[in-house]
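Open the model in your viewer and keep the sequence panel beside it. Follow the stops in order, selecting as you go.

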Amino acid sequence: MTYRTIAIAALAATALIGCSKKNHTIVADTAGDRNTPASAPIDPASLPPAIVASKIYRCKDNHLIYIDWLADNLSANVRTEKTGAATLVKAPAAGKAMVSDSGHSLTGSATGSSISITLPGGGSESCKA
């Protein structure tokens, strides 16, 4: 029992030997990244558009489509499953069809009650909220 107490005390003392009472002050580099010239313009981060409406649509073949309409009125997130991965569709201009690189196409708006959607590998179908 005393050997164990002595061993623990010795380990504690060894650990404390490495501690120093010096004051450690960390100062941030105010000059910025040393590899970037000071005259380089700062690119502010832009936030993605907010979700203005989330709707569930039932299509003619009885499956569900989940759409999160975004505030820019040019894009939306489309999901075919409630907890599935979202696919971003974007329109080149207001009133045009929103499309994705993966083959999704969406026509409609957050305020409307019906949409027309084309999923990859499928035809166009209409769905109602």
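## Start at a hairpin

Select β6 and β7. In this hairpin 6 residues lie between the strands, and Gly108 takes a positive phi near 155°. Strands here are DSSP runs of E, at least two residues long, and helices are runs of H or I, at least four long, all numbered from the N terminus. Two strands pair if DSSP finds at least two bridges between them.

Before moving on, note what you are looking at. This is a predicted model, where local features need pLDDT of at least 70, side-chain atom pairs count only at pLDDT 80 or more, and totals for chains, interfaces and linings use all residues. Residues are numbered from 1 along each chain as its sequence is written, and side-chain values use heavy atoms, with hydrogens and water left out.

## The whole chain

Color by secondary structure. The protein chain has 1 helix and 8 strands. Along the sequence the pattern reads α-β-β-β-β-β-β-β-β. Of its 129 residues, 20% count as buried. Buried means under 20% relative accessible area, exposed means over 50%, and partly exposed lies in between (1.4 Å probe, protein chains only).

## β6, β7 and β8

Go back to β6 (105–107) and β7 (114–118). They pair in the antiparallel sense over 3 bridges. Show Leu106: Ile117 in β7 stands opposite.

Now look along β7. Which side chains point to the face where they are buried? Ile115 and Ile117 do, while Ser114, Ser116 and Thr118 point to the other face and are not buried. In a regular strand the side chains alternate between the two faces of the sheet.

Add β8 (residues 124–128). β7 and β8 pair in the antiparallel sense over 5 bridges. Ile115 stands opposite Cys127 in β8. The hairpin of β7 and β8 has 5 residues between the strands, and Gly121 there takes a positive phi near 80°.

## β1 and its partners

Select β1 (51–59). β1 and β8 pair in the antiparallel sense over 2 bridges. Arg58 has Lys128 as its bridge partner in β8.

Next, show β2 (residues 64–70). β1 and β2 pair in the antiparallel sense over 7 bridges. Find Ile56; its bridge partner in β2 is Tyr66. The two strands form a hairpin with 4 residues between them. Asn62 is in the turn, with a positive phi of about 75°. Asn62 is exposed, with a relative accessible area of 51%.

## Asp68 in β2

Stay on β2 and pick Asp68. Is Asp68 buried or exposed? Asp68 is buried, with a relative accessible area of 10%. Display the side chain of Ser54: a polar contact of 2.7 Å joins it to the side chain of Asp68. A polar contact is a pair of N or O atoms within 3.5 Å; within protein, one must be able to donate a hydrogen and the other to accept it, and residues adjacent in sequence count only if both atoms are side-chain atoms.

Leaving aside neighbors within four places in sequence, Asp68 is also in contact with Ile51, Ala53, Ala76, Asn77 and Arg79, among others. Contact means heavy atoms within 4.5 Å.

## β3 and β4

Select β3 (residues 75–79) and β4; they pair in the antiparallel sense over 4 bridges. Ala76 has Val89 as its bridge partner in β4. Along β4 (residues 87–90), Thr87 and Val89 point to one face and are buried, while Leu88 and Lys90 point to the other and are not.

## The core

Which residues touch the most other members of the largest nonpolar core? Of its 16 residues, they are Ile65, Ile67, Trp69, Leu106, Ile115 and Ile117. The elements giving two or more residues to this core are β1, β2, β3 and β7. A nonpolar core is a set of buried Ala, Val, Leu, Ile, Met, Phe, Trp, Tyr and Cys residues joined through side-chain atoms within 4.5 Å.

Center on Leu106. Beyond its neighbors within four places in sequence, its contacts include Ile67, Trp69, Val78, Val89 and Met98.

## Last stop: Asn73

Select Asn73, in the loop between β2 and β3. Phi of Asn73 is near 60°, a positive value in a residue other than glycine. Asn73 is exposed, with a relative accessible area of 59%.
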